[in-house]
Amino acid sequence: MRLLITGASGFVGRALVRQILAEDPVSELVLLDRTFVGIPADPRIVGIEGDLLDPDIQARAIGGGVDAMIHMATVPGGAAEADRALSRRINVDASLDLFDLAASKGNRPRIVFTSTIAVLPAPPPPAIDDTTPLAPFLSYGAHKLMCEVYLADLHRRGEVSAVSVRLPGILARPKGPSGMKSAFISEMFHAAVADEPFICPTSKNGHIWAMSVDQVARNLRHALRLDDRMDLPASRAVTLPALRFSMGALAEALDGQVEFVPDPVLESQFAAQPPLDTAAANRAGFSHDGDLFTLVRRALTEIRTTAPA
């Protein structure tokens with residue numbers, strides 16, 4: 001399999017590449033990002049540094065065709081909201097061009113697209129399931145939804161085999177600026193590791209949906225292998241089955257020094273998640289971390305094993 005991963009040097013990309021190299025039968029792994037912070041030494045890897053907006057870079061990445069693509073390159077939530085024009089160019093225009101280029105080779109590649117729970121309404125209804133009407137509350141979510149719809153149409157036309165997965169909060173992102181408005185959740189982990197106090201901008205009873213980066217990578221690999229005859233929604237998109245828990249429960253699991261000082265707007269967008277029913281994703285074989293203890297253990301392991309020396 002010739003597999004292309006965009007955004008391969010990002011937080012999720014690095015975890016995904018590690019898993020694929022260790023466990024999956026790829027003959028060529030094409031990694032695309034603006035810059036790389038080290039590429040694993042493996043003869044299967046072809047690293048391409050460049051801007052997704054550059055047609056020549058896209059042409060190099062697709063080459064004569066790819067068997068599959070995991071498209072993760074993006075302008076993230078907060079950054080996309082601050083610069084809507086840039087978000088449109090990267091998250092919509094360049095993404096659609098890349099999908100078209102992959103489809104044009106005529107081999108109907110599997111395209112796995114990382115969408116977001118930001119396509120869902122905020123504040124949310126009392127419960128979320130596969131029938132909940134989509135209502136993005138950020139430009140980021142709106143642009144991701146545009147890509148979902150476009151890919152579903154390419155799938156309908158038989159030009160690609162599409163699977164869009166809506167990612168929940170991913171734990172724990174590296175310390176430092178990320179452009180994500182939900183970054184405070186990961187910052188709680190880093191404070192716990194450093195044994196430092198943390199001010200949480202939500203209430204203790206604010207609830208989130210989250211998944212470890214390890215489990216996200218497992219789900220993306222599952223999307224690559226998913227039988228095309230699987231009964232997915234016509235949208236070819238599923239919301240992943242995340243764990244739901246309170247920020248207070250997370251603070252207790254981390255045994256951290258946490259003070260809760262709620263920001264009503266932030267809480268309404270990122271910590272007011274109702275019960276979640278992901279029947280379509282469950283039927284397709286996607287899964288969450290199992291329990292909060294396992295999620296926390298995996299996230300702390302990621303921090304400790306990938307932190308700079």
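Q: At 22% relative accessibility, what does Arg-44 count as?
A: This is a predicted model in which local features need pLDDT of at least 70 and side-chain atom pairs count only at pLDDT 80 or more, while totals for chains, interfaces and linings use all residues. Residues are numbered from 1 along each chain as its sequence is written, and side-chain values use heavy atoms, with hydrogens and water left out. Buried means under 20% relative accessible area, exposed over 50%, and partly exposed in between (1.4 Å probe, protein chains only). Arg-44 has 22% relative accessibility, so it counts as partly exposed.

Q: How far apart are the closest N and O atoms of Arg-44 and Asp-42?
A: Asp-42 is buried, with a relative accessible area of 18%. A salt bridge is a side-chain nitrogen of Lys or Arg within 4 Å of a carboxyl oxygen of Asp or Glu. Arg-44 and Asp-42 form one, and their closest N and O atoms are apart by 2.9 Å.

Q: How many salt bridges are there?
A: One of them joins Asp-24 to Arg-225, with the closest N and O atoms 3.9 Å apart. By the rule for salt bridges, the count comes to 17.

Q: How many residues apart in sequence are the parts that Asp-24 and Arg-225 tie together?
A: Helices (H or I, at least four residues) and strands (E, at least two) are DSSP runs, numbered from the N terminus. Asp-24 lies in the loop between α1 (11–23) and β2 (28–33), whereas Arg-225 belongs to helix α7 (residues 213–225), so the parts they tie together are separated in sequence by 201 residues.

Q: Is Arg-225 buried or exposed?
A: Its partner Asp-24 has 13% relative accessibility and counts as buried. Arg-225 has 52% relative accessibility, so it counts as exposed.

Q: Which helix holds Arg-298, the residue linked to Asp-214?
A: Asp-214 and Arg-298 form a salt bridge whose closest N and O atoms are 3.8 Å apart. The pair links distant parts of the chain, 84 residues apart: Asp-214 is in helix α7, and Arg-298 is in helix α11.

Q: Which residues do salt bridges that share partners join into one network?
A: Asp-214 is partly exposed, with a relative accessible area of 22%, and Arg-298 is partly exposed with 22%. Shared partners connect salt bridges into one network made of Glu-23, Asp-24, Arg-221 and Arg-225.

Q: Which residues does Arg-221 touch, not counting residues up to four places away in sequence?
A: Arg-221 is found in helix α7 and is buried, with a relative accessible area of 6%. Contact means heavy atoms within 4.5 Å. Leaving out residues up to four places away in sequence, Arg-221 touches Leu-16, Gln-19, Ile-20, Glu-23 and Asp-24.

Q: How far apart are the end C-alpha atoms of α11?
A: The expected span of a helix is 1.5 Å times one less than its number of residues. For the 15 residues of α11 this should give 21 Å, which agrees with the distance between its end C-alpha atoms, 21 Å.

Q: Which residues of α11 are buried?
A: Helix α11 covers residues 292–306. Its buried residues are Thr-294, Leu-295, Val-296, Ala-299, Leu-300, Glu-302 and Ile-303.

Q: What is the average twist from one strand to the next?
A: Two strands pair if DSSP finds at least two bridges between them. An open sheet of three strands has the order β7-β9-β11, with mixed pairing. Its edge strands, β7 (169–171) and β11 (243–246), each pair on one side only. From one strand to the next, the twist averages 50° (axes are lines fitted to C-alpha atoms, for helices over the stretch in contact, and angles run from 0 to 180 degrees between N-to-C directions), so the value is 50°.

Q: Which residue in β11 stands opposite Trp-209?
A: Strand β9 (residues 207–212) and β11 run antiparallel and are joined by four bridges. Opposite Trp-209, in β11, stands Arg-244.
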